[in-house]
Amino acid sequence: MLKIGLLLLVAPILVLMGAYFMELGDVRDCLLVQEGHWDYRAGICRDTAQPFVPWIDRHPWLVNGGMLTSVAGVALCMVGLYVKRR
């Protein structure tokens with residue numbers, strides 16, 4: 001149970017960071033190489049200025065699901081540490 005809890009605790013963090021940094025790479029490419037403006041809603045580079053949209057507004061299921069999975073992982077870790085091994 002402890003191993004499953006640790007997996008559920010760590011995996012969502014890695015998934016969220018991976019998705020965030022993949023998008024950050026596209027944004028930096030748009031701003032620095034193409035000298036454009038990133039459209040956060042459409043996920044493309046444009047010539048005109050675009051409003052900033054927070055990551056949690058664009059991917060609420062991914063963020064909230066990751067947080068819930070991490071909380072479930074913490075709960076399983078606590079149960080795994082509390083229960084005696086047989």
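In which helix is K3 found? K3 is found in helix 1. The legends below describe close-up views of a predicted model.

**View 1. K3 in helix 1 and its distance to C77.** K3 belongs to helix 1. With a relative accessibility of 74%, K3 counts as exposed. The cut-off for exposed is over 50%, so K3 passes it. Along the chain, K3 and C77 are 74 residues apart. In space, their C-alpha atoms are separated by 7.7 Å.

**View 2. Packing of helix 1 against helix 3.** Two packed helices are described by the angle between their axes and the distance between those axes. Helix 1 covers residues 2–33, and helix 3 covers residues 60–82. The angle here is about 160°, and the axes lie 6 Å apart. Angles over 145 degrees count as roughly antiparallel. Helix 1 and helix 3 are therefore roughly antiparallel to each other. Their crossing is left-handed.

**View 3. Residues that make the contact of helix 1 with helix 3.** Helix 1 contributes L2, I4, G5, L6, L8, L9, P12, V15, L16 and A19. Helix 3 contributes L62, V63, G66, T69, S70, G73, V74, L76, C77, G80 and L81. By type, the contact residues divide into 15 nonpolar and 6 polar. No charged residue takes part in this contact.

**View 4. L76 and its partners.** L76 sits in helix 3. L76 counts as partly exposed, at 25% relative accessibility. Leaving out residues up to four places away in sequence, L76 touches M1, I4, G5 and L8. Of these partners, I4, G5 and L8 are among the residues that helix 1 brings to its contact with helix 3. M1 and L76 are 75 residues apart in sequence. Their C-alpha atoms are 6.3 Å apart in space.

**View 5. The aromatic cluster of Y20, F21 and W55.** The structure holds 3 aromatic pairs. One of them joins Y20 and F21, with ring centres 5.3 Å apart. Their planes stand at 75°, so this pair is edge-to-face. Another pair joins Y20 and W55, with ring centres 6.1 Å apart. Here the planes stand at 85°, so the pair is again edge-to-face. Ring pairs thus link Y20, F21 and W55 into a cluster.

**View 6. Setting of the cluster residues Y20, F21 and W55.** Y20 lies in helix 1, whereas W55 lies in helix 2 (residues 55–58). Their pair therefore ties together parts that are 35 residues apart in sequence. How accessible is each residue of the cluster? Y20 has 39% relative accessibility and counts as partly exposed. F21 is also partly exposed, with a relative accessible area of 47%. W55 counts as buried, at 13% relative accessibility. The cut-off for buried is under 20%, so W55 falls on that side.

**View 7. D39 in strand 1.** Strand 1 spans residues 37–39 and includes D39. Is D39 buried or exposed? D39 is buried, with a relative accessible area of 9%. Neighbours within four places in sequence are left aside in this view. With those set apart, D39 is in contact with I44, R46 and Q50.

Notes. Residues are numbered from 1 along each chain as its sequence is written. This is a predicted model: local features need pLDDT of at least 70, side-chain atom pairs count only at pLDDT 80 or more; totals for chains, interfaces and linings use all residues. Side-chain values use heavy atoms; hydrogens and water are left out. Axes are lines fitted to C-alpha atoms, for helices over the stretch in contact, and angles run from 0 to 180 degrees between N-to-C directions. Helices (H or I, at least four residues) and strands (E, at least two) are DSSP runs, numbered from the N terminus. Angles under 35 degrees count as roughly parallel, over 145 as roughly antiparallel, 65 to 115 as roughly perpendicular and the rest as oblique. A crossing is left-handed if the near helix is turned anticlockwise from the far one by less than a right angle, and right-handed if clockwise. Contact means heavy atoms within 4.5 Å. Ala, Val, Leu, Ile, Met, Phe, Trp, Tyr, Cys and Pro count as nonpolar, Asp, Glu, Lys and Arg as charged, and the others, Gly among them, as polar. Rings of Phe, Tyr and Trp (its six-membered ring) pair if their centres lie within 6.5 Å; planes under 30 degrees apart count as stacked, over 60 as edge-to-face and the rest as tilted. Buried means under 20% relative accessible area, exposed over 50%, partly exposed in between (1.4 Å probe, protein chains only).
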